[in-house]
Amino acid sequence: MKIVRIDEGFQRWDELLALILSSFAYMNDRIDPPSSALKLTPATLADKACAEIAYAAMQGDTLSGCIFLRPEEDCLYIGKLAIAPESQGRGVGRRLLAVAEQAAQDRGLASLRLETRIELVENHDVFSRWGFEKVAENAHPGFTRATSIEMSKPVSV
């Protein structure tokens with residue numbers, strides 16, 4: 001497996017979108033509000049990659065995962081961590097997370113931060129095993145109940 005930067009030379013936006021949508025498909029009938037992934041297009045993904053730091057995991061010529069990172073004041077936010085269903089459980093997520101940790105260290109940021117939906121308890125467990133701790137519960141606009149949890153992981157700088 002090879003991890004590559006998604007930059008201005010990347011041209012596989014349709015394939016990347018399909019990867020994200022297939023990775024997030026299991027949550028479609030489980031979460032409310034619906035995932036923001038459903039609003040992505042190849043063009044908005046390209047814009048997101050320009051505005052953020054993005055990487056893809058490659059198995060040969062096949063996209064097997066991606067991660068989008070956004071520097072914040074004191075942390076690096078992880079968004080759209082997606083692993084192709086057929087590649088899940090094979091260390092792709094851990095490899096992408098290692099790249100995120102290095103990116104945080106390179107920028108002098110002390111932690112990684114992510115959000116996962118409140119209903120997706122299996123994700124909470126995975127992220128906990130990867131060293132993340134729950135730090136908050138949040139509600140999407142218009143909701144009076146918690147719809148997501150925020151998790152953080154310290155990074156040595």
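## A charge over a ring

A charge sits over a ring if NZ of Lys or CZ of Arg is within 6 Å of the ring centre and within 35 degrees of the ring normal. This model, which is predicted, has such a case: R5 lies over the face of Y55. The distance from the ring centre is 5.6 Å.

## Aromatic pairs

How many aromatic pairs does a search of the whole structure find? The search finds 3. One of them joins F10 and W13, with ring centres 4.7 Å apart. Their planes meet at 70°, so the pair is edge-to-face; planes over 60 degrees apart count that way. F10 is buried, and W13 is buried too.

F127 and F132 also form an edge-to-face pair. Here the rings are 5.9 Å apart, centre to centre, with 70° between the planes. Both partners are buried: F127 has a relative accessible area of 12%, and F132 has 2% relative accessibility. W130 joins F127 and F132 in one aromatic cluster.

## The largest pocket

F127 appears again in the largest pocket, among the residues nearest its centre. The others named there are F24, M27, L81 and N123. In total, 44 residues line this pocket. Its volume is about 1,100 Å³.

Which elements give two or more residues to the lining? Three are helices: α1 (13-24), α3 (92-106) and α4 (121-129). Three are strands: β3 (62-71), β4 (76-83) and β5 (111-117). The most comes from β4, which gives 7 residues. By class, the lining has 20 nonpolar residues, 14 polar ones and 10 charged ones.

## Cysteines without a bond

The search of the whole structure finds 0 disulfides. C50 is in no disulfide, and the nearest cysteine sulfur belongs to C66. Why is there no bond for C66? A disulfide needs two cysteine sulfur atoms within 2.5 Å. The sulfur of C66 is 15 Å from the closest cysteine sulfur, in C50, so the gap is too far for a bond.

Are these two cysteines buried or exposed? C50 is exposed, with a relative accessible area of 65%. C66 is buried, with a relative accessible area of 0%.

How values were computed: Residues numbered from 1 in each chain as written. Predicted model: local features only at pLDDT ≥ 70, side-chain atom pairs only at ≥ 80, totals over all residues. Heavy atoms only, no water. Phe/Tyr/Trp six-rings, centres within 6.5 Å; stacked < 30°, edge-to-face > 60°. Buried < 20%, exposed > 50% of the residue type's maximum accessible area, 1.4 Å probe, protein only. 1 Å grid on protein atoms, 1.4 Å probe; cavity = no way out; pocket = protein on both sides within 12 Å on 5 of 7 lines; lining within 4 Å. Points joined across faces, edges and corners; volume = space filled by probe spheres on them. Helix = DSSP H or I, 4+ residues; strand = E, 2+ residues; numbered from the N terminus. Nonpolar A, V, L, I, M, F, W, Y, C, P; charged D, E, K, R; others polar.
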